[in-house]
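The following exercises concern one protein model and are to be worked with the sequence and the coordinates at hand. Each task is followed by a solution in steps.

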Amino acid sequence: MSLDSFKCCPIDNTFKIIGKKFTMHIIRNMAMKEHSRFNQFLDHIEEINPKTLSARLKEMEKAGLISREVYDEIPIRVEYHLTNKGKDLQGILLQMAAFSMKHYPKQVFKDGKARTVKQVFNISSPKLK
């Protein structure tokens, strides 16, 4: 297959889907911290506000990265979960983390020493659990 057969750059296309501010943080929190509730994201993603969080969750749901489940309780409970498509982004998160931990340990770790994904997350698979 030649590059002429592409309609657009696949890297650029992925970036258009996940490149907005806080989108990867939400995916990170769902994948690595098992967060699923609006207030969990709000409390654990630095500098995000309710309006932006709401917008990102709607965009991610529309893109098929997450699903939204409403529970018929009082008060109403809403949870968000990664879809299979959203879970496919977990490898990207690990690669981004691995890059920073290897090449920029002084910015990432208090002691400034490089570490591997396996050392930090105790996994060697390209996907998170």
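**Exercise 1. Classify Phe121 as buried, partly exposed or exposed, and identify what it touches.**

Solution. The model is a predicted one.
- Step 1: Phe121 belongs to helix 8, which covers residues 117–121.
- Step 2: The relative accessibility of Phe121 is 32%. Buried requires under 20% and exposed requires over 50%, so Phe121 counts as partly exposed.
- Step 3: Leaving out residues up to four places away in sequence, Phe121 touches Met32, Leu94, Ala97 and Met101.
- Step 4: For Phe121 and Met32, the separation in sequence is 89 residues, while their C-alpha atoms are 9.1 Å apart in space.

**Exercise 2. Describe the order of the elements and the overall dimensions of the protein chain.**

Solution.
- Step 1: The protein chain holds 8 helices and 2 strands. Read from the N terminus, their order is α-α-α-α-β-β-α-α-α-α.
- Step 2: Along the principal axes, the C-alpha atoms fill a box of roughly 50 × 45 × 25 Å.
- Step 3: Of the 129 residues, 30% are buried. The exposed surface of the chain is about 9,300 Å², and 54% of it is supplied by carbon and sulfur atoms.
- Step 4: Take the contacts between residues at least 6 apart in sequence; 42% of these join residues at least 24 apart.

**Exercise 3. Determine which residues of helix 2 are buried and which elements they pack against.**

Solution.
- Step 1: Helix 2 is mostly covered, with 7 of its 10 residues buried.
- Step 2: The buried residues are Thr23, Met24, Ile26, Ile27, Asn29, Met30 and Ala31.
- Step 3: These buried residues pack against helix 1 (10–18), helix 3 (38–44), helix 4 (50–62), strand 1, strand 2 and helix 6.

**Exercise 4. Characterise the packing of helix 2 with helix 6 and with helix 4.**

Solution. Two packed helices are described by the angle between their axes and the distance between the axes.
- Step 1: Helix 2 (residues 23–32) and helix 6 (residues 90–103) have axes 10 Å apart, at an angle of about 100 degrees. Angles of 65 to 115 degrees count as roughly perpendicular, so helix 2 is roughly perpendicular to helix 6.
- Step 2: On the helix 2 side, Met24, Ile27, Arg28 and Ala31 take part; they meet Gln90, Ile92, Leu93 and Met96 of helix 6. The residues of this contact comprise 6 nonpolar, 1 polar and 1 charged.
- Step 3: For helix 2 and helix 4, the axes come within 10 Å and cross at roughly 75 degrees. Helix 2 and helix 4 are therefore also roughly perpendicular to each other.
- Step 4: Thr23, Ile26 and Ile27 of helix 2 make this contact with Leu53, Arg56, Leu57 and Met60 of helix 4. The residues of the contact of helix 2 with helix 4 divide into 5 nonpolar, 1 polar and 1 charged.

**Exercise 5. Establish how strand 1 and strand 2 pair, and examine the loop that joins them.**

Solution.
- Step 1: Strand 1 (residues 66–71) pairs with strand 2 (residues 77–82) in the antiparallel sense, over 6 bridges.
- Step 2: Tyr71 has Arg77 in strand 2 as its bridge partner, and Val70 stands opposite Val78 in strand 2.
- Step 3: The two strands are joined by a hairpin through 5 residues.
- Step 4: Pro75 is in the loop between strand 1 and strand 2. The peptide bond between Ile74 and Pro75 is cis, with omega of about -5 degrees.

**Exercise 6. Examine the loops on either side of helix 2: what is the phi of Phe22 and of Glu34, and is Ser36 buried or exposed?**

Solution. Most residues other than glycine have a negative phi, and most peptide bonds are trans.
- Step 1: Phe22, in the loop between helix 1 and helix 2, has a positive phi of about 85 degrees although it is not a glycine. Phe22 is buried, because its relative accessible area is 9%.
- Step 2: Glu34 is in the loop between helix 2 and helix 3, and its phi is near 55 degrees, again a positive value in a residue other than glycine. Glu34 is exposed, because its relative accessible area is 66%.
- Step 3: Ser36 also has its place in the loop between helix 2 and helix 3. With 11% relative accessibility, Ser36 counts as buried.
- Step 4: Not counting residues up to four places away in sequence, Ser36 touches Phe41, Val78, Glu79, Tyr80 and His81.

Terms used: Residues numbered from 1 in each chain as written. Predicted model: local features only at pLDDT ≥ 70, side-chain atom pairs only at ≥ 80, totals over all residues. Heavy atoms only, no water. Axes fitted to C-alpha atoms, helices over the stretch in contact; angles between N-to-C directions. Helix = DSSP H or I, 4+ residues; strand = E, 2+ residues; numbered from the N terminus. Parallel < 35°, antiparallel > 145°, perpendicular 65-115°, else oblique. Contact = heavy atoms within 4.5 Å. Nonpolar A, V, L, I, M, F, W, Y, C, P; charged D, E, K, R; others polar. Buried < 20%, exposed > 50% of the residue type's maximum accessible area, 1.4 Å probe, protein only. Areas by Shrake-Rupley, 256 points an atom, 1.4 Å probe, with all protein chains shown as cover. Pairing = 2+ DSSP bridges.
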